[in-house]
Amino acid sequence: MATKIIKDVYTEYLSGSVVVTPPASNIEFIAGAAQGGQLLTRYTISDKDTAEQIFRGGELLKALLERLDVGSSMIYAVRIGDAVKASLTLQNGETDVIQLEASEPGAWWNGIEIDVTIDGDNRIVEITDPDTEETYDFTSDSNDGLIAAINAGQILITASKLADDLPDTVTGQNLTDGTDGEELTNENYIDAIDYSEQFTDVSWVHFIGAETVALWTAIVTSCQNMIENVLGERFAILDFPRFDPVNQDNPTPQEIQDYVDNCISSKADFANRNAVFFIGEAGFIDSDGNEYINRVSSSCSGKMAAVDLQKSLLGESPVNIISLVPEFSRGQQVQLIQANINYLRTQSGIGKIIALSNNAPPIGETYNRIEKLRAVYAAGKQVRTAAFPHLGRPNDEGGEGLKLLEEDMKRPLELMVQKGEIDSYELTVESTDEMRTLGEAHVTLSVNSMKAFEIILTKVYLD
């Protein structure tokens with residue numbers, strides 16, 4: 001149940017039949033290290049080509065491709081880290097005359113090649129793209145003209161003037177010192193968490209590699225603040241440390257058990273309805289056909305985005321996973337279920353199954369499943385969206401508009417019931433004389449999401 005006060009609600013609304021487009025209920029916000037893209041900048045990603053063009057490589061790009069492979073349709077992606085732009089200084093003798101700097105930070109730009117040749121009074125600067133080997137040629141007899149032409153004619157680098165002289169001849173020089181900032185700090189994550197809060201339409205967040213209890217706490221605290229301050233509903237996918245056996249291709253049973261025990265121990269005292277954990281790793285194929293190992297979190301998130309509200313993840317198969325590392329024993333699976341940790345398993349004839357859909361709620365918490373939580377949060381979003389046209393107008397004394405406000409907020413909930421996205425709801429709107437004077441309405445919403453019963457598949461022996 002959620003109880004909120006909607007301020008500045010007017011009750012002189014005349015229509016009572018507003019049709020509001022339901023807000024999206026599966027927008028993901030993910031942040032991580034990458035080889036391309038501006039730092040701490042939101043990019044809206046809905047296809048793999050765009051993701052590859054912007055981020056070029058790194059953990060963030062992997063996470064995007066894994067999500068898109070299994071059903072994500074809208075992702076807010078943010079690059080974080082302490083990346084540095086590559087650069088090259090052109091000289092005339094010992095005088096620095098032109099500074100060339102990569103358009104974005106990252107090691108990829110170290111591969112940009114620069115050639116400078118002399119043609120009479122002119123200088124010709126040739127810039128070569130390391131991926132496509134496409135070249136861009138710029139010619140001028142002045143340093144100002146040369147810099148203006150470079151900046152207007154391509155987007156790989158920017159040029160700035162250091163002196164008036166034209167540069168000397170250069171052959172096969174590359175930009176240098178660009179770094180990706182792959183080693184993320186707590187400060188990088190905290191900046192990303194703060195940045196995420198401005199996007200109130202986001203349904204869940206994932207800060208790739210944030211694997212300490214301190215960072216988990218910061219993430220779910222942000223989610224809780226968003227909810228309590230009526231800014232938006234969201235939950236978080238949280239990462240465990242990576243599975244790191246001596247031999248990745250042949251982990252020992254003890255290494256797998258230690259991994260399970262350590263993950264369970266690290267979250268033993270961590271309980272929050274907005275926390276969702278996925279354990280384990282899997283083999284994936286990248287765009288070049290190479291196999292790599294990564295966490296399963298992104299594939300599970302993408303599958304979650306693909307299924308309907310209130311639909312369980314049990315039986316869903318992330319199609320881009322080619323192997324599981326490790327595969328948990330039946331006893332370990334029981335341990336994980338009891339600890340509210342989600343995992344994948346392989347079952348003959350059925351394929352890869354996301355087992356259960358637990359979040360990590362406190363004892364007695366009503367909404368203890370991802371699909372329930374999604375349905376509840378989607379209902380809250382739609383109610384507030386329906387209430388928005390009623391804000392900021394004078395109140396009437398008869399309360400007629402208050403009835404219209406209630407009707408408009410119930411309309412999207414009725415539609416959710418018809419679609420099977422929630423089972424039932426209770427919504428009341430109250431406004432005392434004093435509240436009416438202050439322009440407030442007291443809204444109480446209770447959502448019933450109970451369809452997420454699961455059949456646990458196991459062997460049955462008949463005599």
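Which side chain of opposite charge is nearest to the buried Lys372, and how far away is it? The answer is Glu371, at 7.4 Å, and Lys372 has no salt bridge. The model is predicted. Its chain has 463 residues, and buried residues make up 50% of them. The points below go from the whole chain to a small sheet, then to the nonpolar cores, and then back to Lys372.

**The whole chain**
- Eleven helices and 21 strands are found in the chain.
- Along the principal axes, the C-alpha atoms fill a box of roughly 85 × 75 × 35 Å.
- Taking contacts between residues at least 6 apart in sequence, 69% join residues that are at least 24 apart.

**A three-stranded sheet**
- Strands β5, β6 and β10 form an open sheet in the order β5-β6-β10, with antiparallel pairing.
- The edge strands, each pairing on one side only, are β5 (87-92) and β10 (157-161).
- From one strand to the next, the twist averages 25°.
- Five bridges join β6 (residues 95-102) to β10 in the antiparallel sense.
- Glu101 stands opposite Thr158, a residue of β10.
- Helix α3 (residues 143-153) lies across β6 and β10, and α3 runs at about 160° to β10.

**The nonpolar cores**
- The largest nonpolar core has 43 residues.
- The members that touch the most other members are Phe235, Phe278, Met304, Met409, Leu413, Leu427 and Val429.
- Several elements give two or more residues to this core, among them the strands β13 (235-238), β15 (281-285), β20 (424-430) and β21 (440-448).
- The helices α7 (297-306), α9 and α10 (400-419) also give two or more residues each.
- Helix α9 gives the most to this core, with nine residues.
- A second, separate core has 41 residues, including Tyr189, Val202, Phe240 and Ile341.
- Not counting residues up to four places away in sequence, Leu427 touches Val383, Glu406, Met409, Lys410, Leu413, Val443, Thr444 and Leu445.

**Lys372 and its surroundings**
- Lys372 lies in helix α9, which covers residues 370-387.
- Helix α9 is also the element that gives the most to the largest nonpolar core.
- Leaving aside neighbours within four places in sequence, Lys372 is in contact with Thr366, Tyr367, Ser449 and Met450.
- Lys372 has no salt bridge, because a salt bridge needs a side-chain nitrogen within 4 Å of a carboxyl oxygen, and the nearest side chain of opposite charge, Glu371, is 7.4 Å away.

Note on methods
Residues numbered from 1 in each chain as written. Predicted model: local features only at pLDDT ≥ 70, side-chain atom pairs only at ≥ 80, totals over all residues. Heavy atoms only, no water. Pairing = 2+ DSSP bridges. Helix = DSSP H or I, 4+ residues; strand = E, 2+ residues; numbered from the N terminus. Axes fitted to C-alpha atoms, helices over the stretch in contact; angles between N-to-C directions. Contact = heavy atoms within 4.5 Å. Buried < 20%, exposed > 50% of the residue type's maximum accessible area, 1.4 Å probe, protein only. Lys, Arg positive; Asp, Glu negative; His and termini not counted. Core = buried A, V, L, I, M, F, W, Y, C linked by side-chain atoms within 4.5 Å.
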